[in-house]
Amino acid sequence: MGGLLVLDHFARGRGGKFALVWLSSTLVEPTHGRGRLTVAACQILSKVAPELTIRSGVRLSACYDAGDVGISRDEERASGTHNRISLRLAVELLAAGGRVAGAGDLFGSRPVLMTHGERDEVCPPSYARALFDRLPTKDKRFVTVAGGLHEPWHLPDTAETVRSWMVERLRAS
C-alpha cells in the first residue's frame, strides 16, 4: 500500500529531490482479486461513510512468514495488520492505481530498484514486472526474492541487495 502511494506521488510530479528509488513488492494493481461490483460499492459507500472499514482480504501470513519476524500465530490473528482499511483509503488506493497506470515516465533518469517476493499473492510479481518493463530509465534492476511473500524487505538477502545497490549508486554520484 505504501509503495503505491509513493508511485502516486511520482505520478503527480511530486518526486522532488529523490536521487534514487527502491520499491518492494509494490501494490501496483489495487483491484487485484476484487470484483467490479465490490470496487463500485466501495466508491459509492465512501461518499456517505468514508470512515467505515472493510476487510482488505490480506492476511498477515500473506505478507511474511510470521516466524521470520518473530510474530506468533495468535499475535498475527489479533493484530489486524493489513486486514482492514477505511473506505476513504480504499478509494484513494483505487485512484492512485489509475494515476500510476496512466503515468508515463515516473522517475525520469533516477536509478530504480524493485524487489518483489516470488510468492507474493497480494500483488503478483507480474504486475510489478510490467510496471518495471515500461520504465524508460536505463539504470534499473528488478530482483525477485526467492521464497519471498508480499513483504520481503526484512529478509537478509533483500536487505543486502538494497544496501549494496544504494552504496553503488551513491558512490557513483
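Let me start with strand E4, where both faces are covered: Val112, Met114 and His116 on one side, and Leu113, Thr115 and Gly117 on the other, are all buried. Buried here means under 20% relative accessible area, with exposed meaning over 50% and partly exposed in between, using a 1.4 Å probe and protein chains only. Put as a count, 6 of the 6 residues of E4 are buried.

Before going on, the conditions. This is a predicted model, in which local features need pLDDT of at least 70 and side-chain atom pairs count only at pLDDT 80 or more, while totals for chains, interfaces and linings use all residues. Residues are numbered from 1 along each chain as its sequence is written, and side-chain values use heavy atoms, with hydrogens and water left out.

Now the chain as a whole. Its secondary structure comes to 7 helices and 5 strands. Helices (H or I, at least four residues) and strands (E, at least two) are DSSP runs, numbered from the N terminus. Along the sequence the pattern reads α-β-α-β-α-α-β-α-β-α-β-α. The chain has 173 residues, of which 38% count as buried. Take the contacts between residues at least 6 apart in sequence: 78% of these join residues at least 24 apart. A contact means heavy atoms within 4.5 Å.

Back to E4 and its sheet. The sheet is open, has 3 strands in the order E1-E4-E5, and its pairing is parallel. Two strands pair if DSSP finds at least two bridges between them. E1 and E5 (140-145) are the edge strands, each pairing on one side only. On average, neighbouring strands of this sheet are turned by 10° against each other, direction ignored. For angles in general, axes are lines fitted to C-alpha atoms, for helices over the stretch in contact, and the angles run from 0 to 180 degrees between N-to-C directions.

Which residues face each other across these pairs? Between E1 and E4 there are 4 bridges, and Val21 stands opposite Val112 in E4. Between E4 and E5 there are 6 bridges. Here Leu113 stands opposite Arg141 in E5, and Gly117 has Val145 as its bridge partner in E5.

Helix H7 lies across E1, E4 and E5, running at about 175° to E4. One residue of H7 (156-172) is Arg169. Is Arg169 buried or exposed? Arg169 is buried, because its relative accessible area is 16%. Not counting residues up to four places away in sequence, Arg169 touches Leu20, Pro111 and Asp139.

Next, the nonpolar packing. A nonpolar core is a set of buried Ala, Val, Leu, Ile, Met, Phe, Trp, Tyr and Cys residues joined through side-chain atoms within 4.5 Å. The largest one has 23 residues, and Leu7, Leu106, Phe107 and Met114 touch the most other members. Helix H1 (2-11), strand E1 (21-24), helix H5 (87-102), strand E4 (112-117) and helix H6 (125-134) each give two or more residues to this core. H5 supplies the largest share, 4 residues. Apart from this core lies another, of 6 residues, among them Leu60, Cys63, Tyr64 and Val122.

Leu7 deserves its own slide. Leu7 sits in helix H1, and counts as buried because its relative accessibility is 0%. Leaving out residues up to four places away in sequence, Leu7 touches Leu23, Thr26, Val100, Leu106, Phe107 and Leu131. The C-alpha atoms of Leu7 and Ala103 are separated by 9.6 Å, with their positions 96 residues apart along the chain.

Last, the packing of H1 on H5. At what angle do H1 and H5 pack? The angle is about 50°, and the axes are 9 Å apart. H1 and H5 are therefore oblique to each other. For reference, angles under 35 degrees count as roughly parallel, over 145 as roughly antiparallel, 65 to 115 as roughly perpendicular, and the rest as oblique. The crossing of H1 and H5 is left-handed, that is, the near helix is turned anticlockwise from the far one by less than a right angle, where clockwise would make it right-handed. From H1, Leu4, Leu5, Leu7, Asp8 and Ala11 meet Glu92, Leu93, Ala96, Gly97, Arg99 and Val100 in H5.
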